[in-house]
Each structure stands twice: as structure tokens, then as C-alpha cells.
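Dear colleague,

Please find the structure below. A short account of what was found in it follows.

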Amino acid sequence: MQGLCTYLPSTILDYLYMHSEKLDNKEPPFRQDYETVVLFADVSGFTKLSEKFANRGSRGHELLKKHLNSYFEVLMRESTSQGGDVFKFAGDAILVVWPRSNEELGRVTRRAVQCAVQIKEQLTGYKILDPDRPASEKKDKMELNVKLGIGVGKISILHIGGFFGRMEYVATGQPLTQSFEAEGRSKKGDETTLVVASPEVWKKVSNHFDAYKILDEGYAYIKGPKRGMTLPKVSVFKTTTSLKYIGNEPEGSKIMKRVTQYVPGAVRPYVKDFEESWADELRVITVLFVNLGLVKGANELYEKDSDLKKIHDIIMAVQKAVYKYEGSLNKFLMDDKGSTLIAVFGLPPLAHENDPERGLLSSIQICTQLHQRNLVPSIGVTTGTAFCGVIGTRNRREYSILGDTVNLAARLMSHAEKKIGGGVLCDEATHYASKKRLKFTKLREIMVKGKSKPIKIYHPYPKSYIQQFTKDRKDETPRVSLRRRSIVSYLDAATSMKSPTELNTESPPPPHMREMVRTRRESAPSAPATPRGHR
């Protein structure tokens with residue numbers, strides 16, 4: 001029971017505990033609002049580190065997790081020592097939110113700034129040692145640094161979703177936007193700019209901290225606390241009640257049933273006996289990095305019931321599109337640029353030989369559903385080997401996916417949004433695994449961050465475009481016409497399936513898929529006794 005609780009922030013656990021009776025008869029969406037402080041910590045150097053270890057197979061991914069966890073351990077220890085609650089992991093970044101407490105907001109703000117200074121002092125220029133490189137070889141300099149932004153004000157934590165009993169939570173409000181914008185003003189290579197306070201934060205702490213510089217907009221580069229102004233440490237676990245009592249309550253099992261709804265199905269079978277290390281593995285997966293196209297980003301509180309229901313409806317539509325093809329939702333975040341989520345095909349307990357096809361069909365359906373809601377989503381789809389497992393410590397952890405495949409999906413999503421006005425883009429591996437079934441347009445190769453060579457990208461045709469394309473070509477040969485119409489028929493069947501198992505998986509894989517299929521079969525564990533609907 002306690003192991004399951006470590007997959008949720010104390011802020012969420014405390015809310016589920018304190019409002020257990022009210023939530024019993026309440027269907028999502030629902031929310032929790034309060035004034036607090038937010039710290040956004042972004043690790044720089046992770047992309048280079050990921051690229052460095054990408055070609056070393058399981059050993060490389062083990063090293064990547066080891067170094068990232070070591071770094072996060074220090075960051076999380078300093079955060080919790082000042083009462084902070086690690087709210088979400090976002091790849092190489094962490095979002096820390098201070099829970100409700102008896103301390104006044106100004107003092108909590110001081111704690112957050114002091115926490116950021118302590119993190120900077122311990123983690124600036126963090127050296128990464130490569131144990132596999134011979135001492136005689138010239139070793140590339142590898143180090144990690146952290147940039148920190150702090151915001152303060154009212155936040156709303158939205159509890160949304162619920163399709164197949166899978167809930168999502170996300171924080172919104174000005175403090176998040178402040179922290180993102182503050183972190184964005186940090187300058188690479190300049191240690192005096194690594195801790196940045198928003199104007200709202202600086203107003204509350206200017207009498208207690210020194211600054212290297214105050215920008216015209218009011219942002220402050222924090223130097224450290226003034227003499228005699230350091231606050232004593234206090235653990236986050238002393239500021240919340242849930243972890244102390246949730247397991248001892250007569251209604252504990254009912255509360256834990258709600259807690260379970262927020263935990264990914266891929267890790268649930270291993271949680272009971274703290275055996276999460278068994279969930280760590282290299283898998284061939286298909287990743288969807290999705291920008292939902294929401295105009296309102298993290299700066300909005302979604303205070304109106306209509307706004308809350310709208311975001312809930314959007315997430316429900318995405319969940320249905322993903323779960324229809326037996327994928328999993330891994331992350332959902334809001335920042336100043338909008339809303340992004342990560343969906344994955346190929347995670348336990350559900351993995352398929354045709355996960356790249358399923359991922360593309362799911363992306364097309366996401367686009368269709370969101371277009372009907374007047375949104376323009378942007379989706380990057382990639383296929384390859386990634387580390388799938390638990391990131392964090394025994395007190396706070398999340399199931400994450402790491403590696404070049406994930407990074408590339410994010411780059412393709414960004415390119416789709418900024419350069420082609422939305423839609424779906426996929427990489428060469430996804431195209432190669434799906435081209436027998438789906439129709440693609442090859443686009444111009446692009447350069448992306450972290451890659452030394454251009455990347456081949458493709459756009460899968462949406463069904464409506466293929467239908468129109470077929471109608472317009474009256475002079476084509478019968479064979480070409482039949483091929484095009486078979487594609488339309490396949491998409492028609494796939495996008496109208498009542499059950500994901502209706503997708504044909506019995507036909508033998510083409511030659512270029514056999515190695516990937518073999519890898520999937522070797523890496524896929526036997527399915528645990530988890531109901532098929534659980535995600």
C-alpha cells in the first residue's frame with residue numbers, strides 16, 4: 001500500500017484522503033485550489049548524455065537511468081527538506097509544488113527560494129563518469145547542470161479522465177507560468193543566472209535574499225539568503241497527513257482504490273512488494289508525443305465549470321483513441337506553451353507486433369477527435385528501443401520512458417506544430433514498419449537537436465484525404481485503384497473497430513519486421529493477472 005502511494009505526490013494523496021467521503025459519490029472532473037509556490041527545475045546536458053549512451057544497448061540505458069536517478073535524488077532530497085512536494089517528473093525536468101501548510105505564503109516562498117539555492121550549489125557542474133571508457137582513451141567532458149525558476153500564487157490541480165478507470169492530474173495557474181518563464185531567462189554557462197525568481201516571488205523575498213541582478217521586467221537572479229535569514233529544514237511528510245493515516249483508516253481500501261486509478265498499469269503488478277526494479281527493461285516501443293492544441297496553457301486556472309469539463313472531455317477523447325488500440329498514457333503536462341501528453345504502444349501488460357500501426361491509427365483518431373472540438377493538435381510518432389522503468393527514489397517515483405526514441409518524438413511534435421501547422425509526423429522506423437498497410441507522404445529531411453545527421457520524416461495520410469485522392473484519380477490502372485481502395489477500407493475498419501482485437505494481427509510480419517518482432521517477443525514479459533481494461 002505504501003509503495004503504491006509513492007507514485008503520487010503528497011498533494012494528491014492528501015486531497016484524496018481529506019475528501020474521501022465527498023469523492024465517493026462524485027464523478028470526475030474535480031479540482032483543488034489553493035495559493036502556493038512552484039519550483040521548476042530543468043536539467044541541462046541530458047540530451048547529450050542520452051545521445052552518448054544511446055548506442056550501447058541495455059548497458060547504455062542502465063547508465064542513463066543511474067546518472068539521472070543520482071541527480072534527481074539530490075534534487076528531491078533538497079526539495080523535500082524545505083517542505084516541497086515533487087509533483088511531476090517530465091523527462092529531464094521536475095516540477096515541485098509546496099502543499100497546503102500552516103505557514104504563511106511569504107515564509108513558504110522563502111523556503112522555495114532557499115531550496116533552489118541549495119540545489120544550485122550541489123548540482124552545478126555535476127560530473128558524469130563513464131565507467132566503460134578505457135582510461136587511456138580521451139574522455140569527453142560530460143556534466144549536468146540545473147536551471148531553476150520559481151513562481152507564486154493560486155494554482156488549480158485538475159483531476160480529469162477516468163476512461164477504463166484511469167485518472168490523470170495536472171496543475172495549472174500563474175505560478176507555473178511564472179516558474180517556466182523565470183527558468184527560460186537562465187543563461188547557459190552563467191552560474192549567476194541559474195536561480196531565477198519571478199517578479200511576484202522577488203517582492204515577497206527581497207528582504208531576505210541577495211540578487212546578482214534585477215531585470216527590467218522584475219525577474220531576479222538569486223545569489224543566496226542574507227546573513228541570518230536561513231530557514232530551518234522541514235520535511236514534506238510532516239506537512240501532510242495522508243501517508244501517516246491512509247493505510248490505517250477503516251476506509252483505507254476504498255481510498256487506495258482511488259489512488260490506484262492514478263498509477264500506470266505497467267507498474268502495478270510490481271508495487272506490492274517493492275519489486276519495481278523488475279519493471280525496468282529495454283523495450284521496442286512506439287511513442288506518441290502530442291500537443292493538444294489548447295490555446296489556454298498552464299497560466300489558466302480553468303475556474304469555470306465549462307472550462308474544466310472541456311479539458312476533461314478532451315482527455316477522455318484522447319484516452320479512448322489510445323486505449324482503443326491498446327496503448328498507454330504515460331504523461332500529461334501543461335506549460336506556458338500549451339498542453340502535451342505522451343502515449344506509448346508496446347508497454348506491459350499489452351504489447352503487439354504491429355504497435356507502430358496502432359500508434360499511427362491512434363494519432364489519426366486523436367487528430368480527428370480534436371478537430372471536431374476546434375483544436376489543431378501536433379503529434380510526433382517514433383519507434384525504437386527505449387528504457388522503460390521507474391525513475392526517482394523510494395519516497396517518490398514515477399514510471400517513465402527514456403531515450404533517443406522519446407526525444408525524437410518530442411522534436412517531431414515541435415516541428416509539426418511550428419513548421420507545418422499541426423498534424424502527424426513519424427520517423428523512418430515507424431514508416432518502415434507500417435508502409436505495407438498505411439499510405440505516407442515523404443517530407444523533406446530535417447535537422448533536430450541532438451542529431452548530427454538529417455532525419456527522414458513522413459506524414460501518414462488521414463482517411464478523408466485518401467478518399468478524396470482516390471476519387472480524383474479516374475485514369476489510374478485497376479491495380480493501383482484497388483491498392484488505394486484497400487488502404488481506405490483498412491482505415492475504415494481500423495477507425496471504426498468496436499474492439500482493438502479486431503485489428504488483424506494474425507498475418508506473418510514482412511521480412512523487415514522480423515527482427516523487431518523477435519526483439520519484442522524476447523523482451524515482452526508474460527502478461528500479469530491485470531484486467532485487460534486497466535491502464
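Helices (H or I, at least four residues) and strands (E, at least two) are DSSP runs, numbered from the N terminus. The protein has 18 helices and 17 strands. This is a predicted model, in which local features need pLDDT of at least 70, side-chain atom pairs count only at pLDDT 80 or more, and totals for chains, interfaces and linings use all residues. Residues are numbered from 1 along each chain as its sequence is written, and side-chain values use heavy atoms, with hydrogens and water left out.

Of the 535 residues, 57% count as buried, that is, under 20% relative accessible area (1.4 Å probe, protein chains only).

Helix α6 covers residues 105–123. The expected span of a helix is 1.5 Å times one less than its number of residues; for the 19 residues of α6 this gives 27 Å, which agrees with the 27 Å between its end C-alpha atoms. Of these 19 residues, 16 are buried. After α6 comes Gly125, with a positive phi near 70°.

The model also holds enclosed space. On a 1 Å grid over the protein atoms alone, a cavity is a set of points where a 1.4 Å probe fits but cannot get out; grid points are joined across faces, edges and corners, and a volume is the space filled by probe spheres set on the points. There are five cavities of 30 Å³ or more, and the largest contains about 190 Å³. Its lining, meaning residues with an atom within 4 Å of a point, comprises 14 residues, with Arg166, Tyr169, Tyr262, Asn330 and Glu398 nearest the centre. Strands β6 (167–172), β11 (328–335) and β14 (397–402) each supply at least two lining residues.

Yours sincerely

Key. Buried < 20%, exposed > 50% of the residue type's maximum accessible area, 1.4 Å probe, protein only. 1 Å grid on protein atoms, 1.4 Å probe; cavity = no way out; pocket = protein on both sides within 12 Å on 5 of 7 lines; lining within 4 Å.
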